[in-house]
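Visitor: I would like a close look at a single part of this structure, taken slowly and in order. Please choose one helix contact and the charged side chains around that part of the chain.

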Amino acid sequence: MDEKTGLLSGPDGVARCFWHGNLPDYLHYHDHEWGRPVTDDPRLFEKICLEGFQSGLSWLTILRKRENFREAFAGFDIDKIAAFTDEDVERLLGNAGIIRHRGKIVSTINNAKRAREMADEAGSLAAWFWKFEPGPDQRPEIVDLAHLRANPTTAVSVRMSKELKKRGWSFVGPTTVYAFMQAMGLVNDHLEGCVCREQVEAERKAFKRPK
């Protein structure tokens with residue numbers, strides 16, 4: 001990695017954000033998913049839940065268990081998870097393919113109930129989240145390594161976190177929420193010079209925001 005730019009050359013010789021470490025599954029996630037706009041409610045719910053599970057762990061650990069999470073949590077169908085019972089909690093605690101943390105499992109079930117309330121109110125979960133998209137005046141002119149290191153949270157992620165907690169969500173601190181914003185494309189934090197930065201900008205420009 002170039003310590004100044006935060007860029008790392010891939011096996012194809014192309015410069016990308018450093019954090020994928022050229023690991024094939026992580027590289028694919030960086031190139032094809034991270035930062036690209038999402039409007040599908042189950043995918044959004046999956047992303048915010050998995051960011052919560054990631055707390056205290058590496059994202060790579062979660063990424064490599066993601067298919068197990070999807071199977072265990074009914075494809076992150078909000079209504080199905082909201083109907084989970086204490087028996088489901090015990091079932092999940094016995095599942096070695098996921099992170100067996102009781103608090104995070106119970107939180108996911110609770111958050112599904114809160115997500116249903118928000119979706120009913122806003123028309124969709126996507127519409128609720130996308131209303132927090134930062135304006136140009138809330139974004140840096142250049143997204144570089146120094147900026148990202150200095151800003152693990154933002155004013156918007158703090159505001160969204162407070163609103164989610166007010167609505168009864170858990171495991172949604174400002175840092176977790178900002179990681180979610182980065183992952184689902186609410187912001188484009190691919191580094192300046194990364195091959196994906198302009199691609200994501202083009203997608204965001206063409207993207208139809210949910211209302």
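Guide: What follows is one connected account of a helix contact and then of some salt bridges. The model is a predicted one, and every value below should be read with that in mind. Two packed helices are described by the angle between their axes and the distance between the axes, and that is a convenient place to begin. Helix α2, which covers residues 41-54, and helix α11, which covers residues 174-183, have axes that come within 9 Å and cross at roughly 140°. Because of that angle, α2 counts as oblique to α11, and the crossing in which α2 passes α11 is right-handed. On the α2 side the contact is made by L44, K47, I48, E51 and G52, while α11 contributes T176, A179, F180 and A183. Sorted by character, the residues of this contact divide into five nonpolar, two polar and two charged.

From the helix contact we can turn to the charged side chains. Side chains of opposite charge can pair when their charged atoms come close. In the whole structure, a search finds 21 salt bridges, and one of them involves helix α2, since the side chains of R66 and E46 meet at 3.8 Å, N to O. This pair links distant parts of the chain, with E46 in helix α2 and R66 in helix α4 (residues 66-72), 20 residues apart. Both R66 and E46 are buried.

Within helix α4 there is a further salt bridge, in which the side chains of E67 and R70 meet at 2.6 Å, N to O; these two residues lie three residues apart in α4, about one turn of the helix. E67 has 51% relative accessibility and therefore counts as exposed, whereas R70, at 25%, counts as partly exposed.

Elsewhere in the chain, the side chains of E192 and R197 form a salt bridge at 3.7 Å, N to O. E192 counts as partly exposed because its relative accessibility is 39%, and R197 is buried because its relative accessible area is 12%. Returning to the charged residues discussed before, salt bridges that share partners join E33, R43, E46, K47, R66, E67 and R70 into one network. K47 therefore appears twice in this account, as one of the α2 residues in the contact with α11 and as a member of that network.

Methods: Residues numbered from 1 in each chain as written. Predicted model: local features only at pLDDT ≥ 70, side-chain atom pairs only at ≥ 80, totals over all residues. Heavy atoms only, no water. Axes fitted to C-alpha atoms, helices over the stretch in contact; angles between N-to-C directions. Helix = DSSP H or I, 4+ residues; strand = E, 2+ residues; numbered from the N terminus. Parallel < 35°, antiparallel > 145°, perpendicular 65-115°, else oblique. Left-handed = near helix turned anticlockwise from the far one by under 90°. Contact = heavy atoms within 4.5 Å. Nonpolar A, V, L, I, M, F, W, Y, C, P; charged D, E, K, R; others polar. Salt bridge = Lys/Arg side-chain N within 4 Å of Asp/Glu carboxyl O. Buried < 20%, exposed > 50% of the residue type's maximum accessible area, 1.4 Å probe, protein only.
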